[in-house]
Amino acid sequence: MDGVVNLTSYSMENLSDCPSIEGFRNKVYCWSYSIITALGLLGNGLVLVVLLRTYRQNSPFNIYMLNLALSDLLCVCTLPMRILYYLNQGHWLLGDFLCRVGSYALYVNLYCSIFFMAAMSVTRFLAVSYPVKSLHIMTRGRARHVCLAVWAVICLLSSPFLMSGQHLDPVTNKTKCFEPPRGQRLQKLVTLNYVSLLIGFVLPFALILLCYSGIIRTLLTRKLASRSTADTKAIRMIVIVLLTFLVSFTPYHVQRTVHLHFLSRAGTSCRERVAMHKSVVVTLSLAAANSCFDPLLYFFSGGGFRSRLSSVFRPEQSSGHTRCCGP
C-alpha cells in the first residue's frame with residue numbers, strides 16, 4: 001500500500017503551471033487534524049479508561065471495541081506531527097524515524113478500524129440471528145485471537161510505509177514527509193491502490209453488508225414485542241457503521257482511485273487538476289476523522305457501556321449493580 005496515501009507531491013508536479021493550493025492544503029489539514037486530535041483523544045481516551053477499568057466484564061464485542069479505541073488513540077497521538085508539518089508549510093523537522101511512524105500509524109488505524117468494525121458486525125449478527133449458538137461460537141478467547149490476527153495482518157501489509165521516510169524536494173529545497181517523491185511511477189501507485197482497495201475496503205465492507213442484511217432479515221421475522229435489547233443495539237450499530245463508511249472510508253477510497261486514473265489522462269485543464277487535488281485534501285481529512293466517529297459505537301451500541309461509565313465515575317452509587325453484559 002506504499003505510495004497510495006498522499007498524492008500531494010505527484011499532483012504538485014503536474015500542477016507546476018497551475019495556481020498553488022498549498023495554502024488551502026495547509027489550512028485544511030491543520031484545522032481538521034487539530035479537531036480530530038482533540039475529539040479523538042477525549043472520546044477514545046474515555047472509552048479506553050472505562051473498558052480497561054471494567055475489563056472483567058468485557059464480552060467479545062467489548063474486546064473488539066477496546067482494540068478499536070486503542071488503534072484510534074495511537075493514531076491521533078501522531079496527528080500533532082502532521083499539524084506541525086503543515087504549519088511549517090510542508091517542511092518536515094522531526095527526523096526520518098518519526099516521518100515513517102507518522103505515515104504508518106494513520107493507515108494502520110484506517111484499516112484496523114475497518115476490520116474491527118467487520119468483526120463487531122459479525123458478532124452482532126450472530127448475537128441477533130443465533131443468540132444461543134453465538135455464546136459458544138464467539139468467546140472472549142476467540143475474540144482476542146481475531147484481534148491479534150487483525151493487528152498482525154494490517155501491520156504487515158502497511159509495512160511499506162515504514163520503508164519510505166523523509167526526502168528532500170529538489171524544487172522547493174524542503175524536507176518532505178507524507179508525500180511520495182517526485183517522479184514516482186504512476187503505474188506502481190495504481191497497482192498498489194487496487195490491492196489495498198480490494199483487501200482493505202471492498203472485502204470487509206462486503207462482509208459488513210452481508211451481516212447487516214442477515215440482521216435486518218432476522219429482525220423483520222420477529223414480532224415487535226419479542227425484540228430484545230441486543231436487537232436495538234444491532235440497529236444502532238448498523239446506522240453508525242454505515243454512516244462512518246459513507247462519510248469517512250468510502251469517499252477516500254473512491255476519490256483515491258479516481259484521482260490516480262485522472263493523473264494518467266492527457267489534456268486536463270488546470271481547473272480540473274486543482275479541483276481534483278483539493279478533493280484529495282478533503283477526503284484524506286475525512287478518512288482520518290474515523291477516529292472521532294468510532295466512539296459513537298461505544299456509547300450507543302456497546303454492551304452496557306453507559307452503565308459501566310457510570311460505575312467508573314460514580315462507584316459509590318453503582319457498586320454491586322454492574323453486571324457483565326453480552327454482545
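**Figure 1. Leu189 in helix 9 of the predicted model.** Leu189 has a relative accessibility of 0% and therefore counts as buried, the limit for that class being under 20%. This residue belongs to helix 9. Its C-alpha atom lies 9.7 Å from that of Thr257, although 68 residues separate Leu189 and Thr257 in sequence.

**Figure 2. A nonpolar patch on the surface, with Val195 among its members.** The patch is formed by Val153, Leu157, Val195, Leu198, Ile199, Val202 and Leu203, which together present about 550 Å² of accessible area. Two or more residues of the patch come from each of helix 7 (140-157) and helix 9 (186-220). Helix 9 provides the largest share, with five residues. Val195, a residue of helix 9, has a relative accessibility of 42% and so counts as partly exposed. Helix 9 thus holds both Val195, which is partly exposed, and Leu189, which is buried.

**Figure 3. The stacked rings of Tyr29 and Tyr33.** The structure holds 13 aromatic pairs. In the pair of Tyr29 and Tyr33, the ring centres are 5.2 Å apart and the planes meet at 5 degrees, so the rings count as stacked. Both residues lie in helix 2 (residues 22-53), where a separation of four residues corresponds to about one turn of the helix. Tyr29 is buried, with a relative accessible area of 0%, and Tyr33 is likewise buried at 0% relative accessibility. Tyr29 and Tyr33 also belong to one aromatic cluster, together with Tyr85, Tyr86, Trp92 and Phe178.

**Figure 4. The stacked rings of Phe205 and Phe245.** The ring centres of Phe205 and Phe245 are 4.5 Å apart and their planes stand at 10 degrees, so this pair is stacked. Phe205 lies in helix 9 and Phe245 in helix 10 (residues 229-263), so the pair ties together parts that are 40 residues apart in sequence. Both Phe205 and Phe245 are buried.

**Figure 5. The largest nonpolar core.** This core comprises 76 residues, of which Tyr33, Phe245 and Leu297 touch the most other members. Helix 5 (residues 96-129) makes the greatest contribution to the core, giving 17 residues. Two of the residues named here also appear in the ring pairs shown above: Tyr33 is stacked with Tyr29, and Phe245 is stacked with Phe205.

**Figure 6. Helix 3, a mostly covered helix.** Of the 17 residues in helix 3, 15 are buried. Helix 3 covers residues 60-76, and at 1.5 Å a residue it should span 24 Å. The C-alpha atoms at its ends are 25 Å apart, in agreement with that expectation.

**Figure 7. Positive phi at Gln89 and at Asn173.** Most residues other than glycine have a negative phi. Gln89 is not a glycine, yet its phi is positive, at about 60 degrees. This residue is found in the loop between helix 4 (79-87) and helix 5. With a relative accessible area of 41%, Gln89 is partly exposed. Asn173 likewise has a positive phi, near 60 degrees, and is a residue other than glycine. Its position is in the loop between strand 1 (167-168) and strand 2 (175-176). At a relative accessible area of 56%, Asn173 is exposed, because that class requires over 50%.

Definitions and conventions
Residues numbered from 1 in each chain as written. Predicted model: local features only at pLDDT ≥ 70, side-chain atom pairs only at ≥ 80, totals over all residues. Heavy atoms only, no water. Core = buried A, V, L, I, M, F, W, Y, C linked by side-chain atoms within 4.5 Å. Buried < 20%, exposed > 50% of the residue type's maximum accessible area, 1.4 Å probe, protein only. Expected span 1.5 Å × (residues − 1). Patch = residues over 30% accessible without salt bridge, like charges linked within 9 Å, V, L, I, M, F, W, Y side chains within 5 Å. Areas by Shrake-Rupley, 256 points an atom, 1.4 Å probe, with all protein chains shown as cover. Salt bridge = Lys/Arg side-chain N within 4 Å of Asp/Glu carboxyl O. Phe/Tyr/Trp six-rings, centres within 6.5 Å; stacked < 30°, edge-to-face > 60°.
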